[in-house]
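Hi,

Here is the structure I said I would pass on to you. Have a look at it first, and then read my notes underneath.

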Amino acid sequence: MADTEQAGQPERLSVRTDVVDGTLVVAVAGEIDQETGGSLRKALELPDGAAPHVVIDLRRVTFMDSSGINILIAVHRALADADGWLRLAGATPAVLRIIRLVGIDGFIACHPTVQQALEA
């Protein structure tokens, strides 16, 4: 498991990664915005040869702006091009509202829990 925090602002965004049965699980906590999005983007870079399957655990995300939306769309496209998938799990009501408002839930599967996302 790897941890990253936004330099100089550790309370703003924390990103932890783990691999579960070949799927990259990325747990995010804090705010995803233009200043902190780089940490998330870096955590979502798959090493060569890795299975293109990713679950992002959003349970502890308190805020996400258009930067976060753009990251999700870019990762979804890259994984789909590699015959993989991106699934979102545990979005808080505020974050889920944004996801639904912009229509991401129409092409990126959203699940209540990480376990459900892994089993889908």
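Below is what I found, going from strand to strand and then on to the helices and loops.

One thing to keep in mind from the start: this is a predicted model.

**The strands and how they pair**

Let's begin with E2 and E3. E2 covers residues 13-20 and E3 covers 23-32. The two run antiparallel to each other and are joined by eight bridges. If you want one bridge to look for, take Leu13, whose partner in E3 is Gly30. Leu13 belongs to strand E2. Is Leu13 buried or exposed? With a relative accessibility of 0%, Leu13 is buried, because the cut-off for that word is under 20%.

Now stay with E3 and look at its other partner, E4, which spans residues 53-64. This time the pairing is parallel, again with eight bridges. Gly30 turns up here too, since its bridge partner in E4 is Val61. Between these strands comes helix H1, residues 37-43, and together E3, H1 and E4 form a right-handed β-α-β unit. As for how covered E3 is, eight of its 10 residues are buried.

Next comes E5, residues 85-89. E5 pairs with E4 in the parallel sense, over five bridges. One of them links Val55 to Arg87 in E5. To get from E4 to E5, the chain passes through H2, and that β-α-β crossover is right-handed. E5 is largely enclosed by the rest of the structure, because four of its five residues are buried.

E5 also pairs with E6, in parallel, with three bridges. Try finding Ala89 and its partner His111 in E6. Here the chain crosses from E5 to E6 by way of H3, in another β-α-β crossover that is right-handed.

**A helix with two sides**

H3 is a nice one to rotate on your screen. The helix runs over residues 93-102, and Val95, Leu96 and Ile99 are buried in it. Why do these three sit on the same side of H3? They span an arc of only 100 degrees around the axis, so they share one side of the helix. The things covering the buried residues of H3 include E4, E5 and strand E6 (109-111). Turn to the face that points away from the buried side and you will see exposed residues, namely Pro93, Arg97 and Leu101. After H3 comes Gly103, with a positive phi near 85 degrees.

**Two aspartates with positive phi**

Which loop holds Asp21? Asp21 is in the loop between E2 and E3. These strands form a hairpin with two residues between them, and Asp21 has a positive phi there, near 50 degrees. Asp21 is exposed, with a relative accessible area of 80%.

Asp83 is the other one. Its phi is also positive, near 60 degrees, and it is not a glycine. You'll find Asp83 in the loop between helix H2 (66-81) and strand E5. Asp83 is exposed as well, at 71% relative accessible area.

**Rings and a distance**

How many aromatic pairs does the structure hold? The count is zero. There is still a ring to look at, though: Arg87 lies over the face of Trp85, 3.5 Å from the ring centre.

Finally, compare Leu13 with Leu86. They are 73 residues apart in sequence, and their C-alpha atoms are 20 Å apart in space.

Enjoy exploring!

Terms used
Residues are numbered from 1 along each chain as its sequence is written. This is a predicted model: local features need pLDDT of at least 70, side-chain atom pairs count only at pLDDT 80 or more; totals for chains, interfaces and linings use all residues. Side-chain values use heavy atoms; hydrogens and water are left out. Rings of Phe, Tyr and Trp (its six-membered ring) pair if their centres lie within 6.5 Å; planes under 30 degrees apart count as stacked, over 60 as edge-to-face and the rest as tilted. A charge sits over a ring if NZ of Lys or CZ of Arg is within 6 Å of the ring centre and within 35 degrees of the ring normal. Buried means under 20% relative accessible area, exposed over 50%, partly exposed in between (1.4 Å probe, protein chains only). Two strands pair if DSSP finds at least two bridges between them. A crossover is right-handed if, with the strands pointing away from the viewer, the path from the first strand over the helix to the second runs clockwise. The arc is that of the directions from the helix axis to the C-beta atoms. Contact means heavy atoms within 4.5 Å.
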